[in-house]
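Visitor: Could you walk me through this one while I have it open? I'd like to begin with the strands and then turn to the rings.

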Amino acid sequence: MSFSDSDSSSNGGDYKNFRQISRERLLHEMLRSAKTGDSKSTWKVLIMDKLTVKIMSYSCKMADITDEGVSLVEDIYRRRQPLPSMDAIYFIQPSRENVIMFLSDMSGRSPLYRKAFVFFTALKEMNLEYFAIDSQGFTTNNEKALEELFCDDESSQKGVACLNELATRVGTVFASLREFPFVRYQAARSLDATTMTTFRDLIPTKVAAGVYDCIMKYKKTIPNFPQSETCELLILDRSIDQIAPVIHEWTYDAMCRDLLSMEGNKYVHEVPSKVGGPPEKKEVLLEDHDPVWLELRHAHIADASERLHEKMTNFVSKNKAAQIHQGSRNSSELSTRDLQKMVQALPQYSEQIDKLSLHVEIAVKLNKLIKEQGLRELGQIEQDLVFGDAGTKEVIKFLTTNEDASRESKLRLLMILAAIYPEKFEGEKGQNLMKLAKLPPDDMNAVTNMRLLGAAPDSKKSSLGSFSLKFDIHKKKRAVRKQHNGDEETWQLSRFYPIIEELVEKLSKGELSKDEYPCLNDPSPSYHGPSHTATVQPPPAAHSMRSRRTPTWARPRNSDDGYSSDSILRHTSSDFKKMGQRIFVFIVGGATRSELRVCHKLTAKLKREVVLGSTSIDDPPQFITKLKMLTAHELSLDDLQI
């Protein structure tokens with residue numbers, strides 16, 4: 001069974017977000033289609049491999065699967081009990097090993113199961129080889145893409161295999177959504193007569209060609225696949241923005257990933273024992289099903305903290321039982337432990353207080369770490385560097401006066417400096433900066449390996465024109481971001497934005513350079529994406545009366561700057577049905593939390609759903625470790641940890 005165009009395309013029917021479509025395909029096309037004849041009332045076994053387990057877990061909950069009649073989930077490579085009275089659903093990759101295991105299960109006089117329904121991930125059956133990590137985000141699970149594609153080995157067979165695999169996986173996104181993209185890509189920087197083009201230069205070009213090949217096959221083989229363009233796809237690589245992966249992002253979501261020891265979306269905290277013993281450890285998932293998380297994840301950490309305090313104050317003021325339990329204490333004095341005790345005393349409100357208690361605890365912990373690590377001062381100099389308000393002199397002063405700053409913080413600051421001023425790290429200059437920061441020699445690998453991402457700016461191709469070199473000589477400080485026109489800070493340290501924000505806005509308006517971002521397929525006459533630019537809303541006027549030079553951690557409560565989660569949710573929930581064609585952005589080499597946040601923000605602003613895809617989503621420590629791996633043959637395993 002397949003979707004019609006109106007089911008999943010952004011141009012008609014009831015709107016479904018990216019994750020909902022993935023979930024529906026798994027449940028509707030696979031699990032429900034396996035109900036035939038008398039098997040409808042039979043409990044079934046679901047058998048998967050390691051990859052498909054991850055695909056399923058990102059899109060569905062266990063309750064969704066059991067609701068469709070699945071009573072047991074098994075690993076295809078583990079020894080399994082014969083269940084000859086039950087039907088089996090195989091959701092597996094189309095590999096030789098998997099087919100051999102399947103045939104072994106079902107052959108002979110005593111097959112393991114009564115019937116078998118087989119669904120492959122990348123053939124005609126499912127076309128689902130991506131992970132829906134968010135309602136507007138996916139990964140292809142190519143965790144080693146940065147290492148395999150940007151390493152020094154230009155003839156890397158692993159690199160070629162990685163490109164082919166991720167192109168196929170990106171292709172399955174469009175097969176699943178029944179979308180035909182207008183494919184644009186980041187052009188090779190050194191594609192001229194005097195410079196040799198490297199394998200790294202052509203990564204976006206090769207991925208674009210591979211994805212387009214897949215799309216052309218789908219156009220001929222998949223029922224109801226659109227025959228003309230329905231959306232836009234922009235393929236980039238990590239060289240587009242070397243600062244976004246290492247700068248401190250100040251949203252609640254990013255701070256949780258950056259400062260807390262989380263495994264994926266899993267957070268572990270302590271709760272009072274129900275039997276009066278010592279505190280017990282409890283695992284929780286910070287995901288979309290948590291309404292508090294959904295509201296606060298893209299809010300500035302200071303904003304999130306204020307909102308949590310307001311929520312608790314409102315809860316106490318509206319519940320007499322809570323007031324009695326609280327006694328004479330002011331609501332601002334409630335600790336996390338108080339909230340947890342209130343859960344036990346007021347079981348009818350346990351779920352509501354549980355959620356608040358969890359997020360109050362997280363916010364308190366984050367603010368404590370921010371203070372202990374001196375991150376506000378560090379964050380200020382990071383952003384001043386990016387916007388040209390600080391240079392090497394200010395970095396040296398920070399390193400001299402903040403010797404107790406963490407190793408990671410100092411390394412990230414120097415990586416930002418290297419991205420903006422690569423000449424400062426040539427020869428002994430770089431060694432002297434690392435010595436001043438008191439960083440071990442192996443950390444220098446993270447800085448020097450930025451050259452493999454093309455960190456050095458190409459002055460010959462400056463968009464400022466032929467006179468830019470003359471003026472740049474006399475400029476002591478170099479800005480790599482422009483202050484947004486009309487933008488004023490509503491929160492301190494919220495100036496920074498990733499480069500893709502500018503690129504997506506230009507793409508939506510039809511203003512993205514076709515020389516720097518060419519297209520593989522000219523738009524057909526029926527494609528109307530760029531002509532929609534008249535409906536694009538202008539940036540909202542700033543509500544804050546405070547200037548950029550006097551930032552604050554407070555803002556008017558009615559501010560609607562498009563930065564915080566509530567303003568995004570408020571707009572998108574009512575406007576999704578009016579959306580224009582989707583915009584897909586795919587980044588080879590890893591994406592960041594700030595880039596995912598920007599896609600949510602631009603969806604509301606542009607009235608077009610913006611979906612971010614990447615080979616992986618990397619938090620700063622992960623990215624730095626991967627960057628060191630680019631020359632891992634020169635390092636020991638112990639050196640790769642920060």
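**Sheets and rings**

Guide: Bear in mind that this is a predicted model. A good place to begin is strand 1, residues 44–48, which runs parallel to strand 2 and is joined to strand 2 by five bridges.

Visitor: Which residue stands opposite L46 there?

Guide: L46 faces V73, which belongs to strand 2.

Visitor: And what is the strand order of the open sheet of four strands?

Guide: The order is 2-1-3-4, and the pairing is parallel. Strand 2 (70–75) and strand 4 (116–120) are at the edges with a single partner strand each, so one side of each has no neighbour in the sheet. On average, and ignoring direction, neighbouring strands of this sheet are turned by 20° against each other.

Visitor: How is the sheet of six strands arranged?

Guide: That open sheet has the order 5-6-12-11-8-7 with mixed pairing. Its edges are strand 5 (131–134) and strand 7 (181–185), each of which has a single partner strand, so one side of each is left without a neighbour in the sheet. Within the sheet, strand 6 (residues 137–139) pairs with strand 12 (residues 608–614) in the parallel sense over three bridges, and T139 stands opposite S614 of strand 12.

Visitor: Which strands does helix 8 touch?

Guide: Helix 8 (residues 203–221) packs on the sheet and touches strand 7, strand 8 (231–237) and strand 11 (580–588), with its direction at about 145° to that of strand 8. Helix 23 (residues 593–606), for its part, lies across strand 5, strand 6, strand 11 and strand 12, and runs at about 165° to strand 12.

Visitor: Rings now. How many aromatic pairs are there?

Guide: A search of the whole structure gives ten aromatic pairs. One of them joins Y130 and F138, whose ring centres are 6.0 Å apart and whose planes lie at 70°, over the 60 degrees that edge-to-face requires, so the pair is edge-to-face.

Visitor: Are those two buried or exposed?

Guide: Y130 is buried at 1% relative accessibility, and F138 is buried with a relative accessible area of 3%. Y252 and W293 form a tilted pair, at 5.6 Å centre to centre and 50° between the planes. That pair links distant parts of the chain, with Y252 in helix 9 (residues 252–259) and W293 in helix 10 (residues 291–296), 41 residues apart, and both residues are buried.

Visitor: What sits over the ring of F131?

Guide: The charged end of K54 does, 5.3 Å from the ring centre, while the charged end of R481 sits over the ring of Y497 at 5.9 Å from its centre.

Definitions and conventions
Residues numbered from 1 in each chain as written. Predicted model: local features only at pLDDT ≥ 70, side-chain atom pairs only at ≥ 80, totals over all residues. Heavy atoms only, no water. Pairing = 2+ DSSP bridges. Helix = DSSP H or I, 4+ residues; strand = E, 2+ residues; numbered from the N terminus. Axes fitted to C-alpha atoms, helices over the stretch in contact; angles between N-to-C directions. Phe/Tyr/Trp six-rings, centres within 6.5 Å; stacked < 30°, edge-to-face > 60°. Buried < 20%, exposed > 50% of the residue type's maximum accessible area, 1.4 Å probe, protein only. Lys NZ or Arg CZ within 6 Å of the ring centre and 35° of its normal. Contact = heavy atoms within 4.5 Å.
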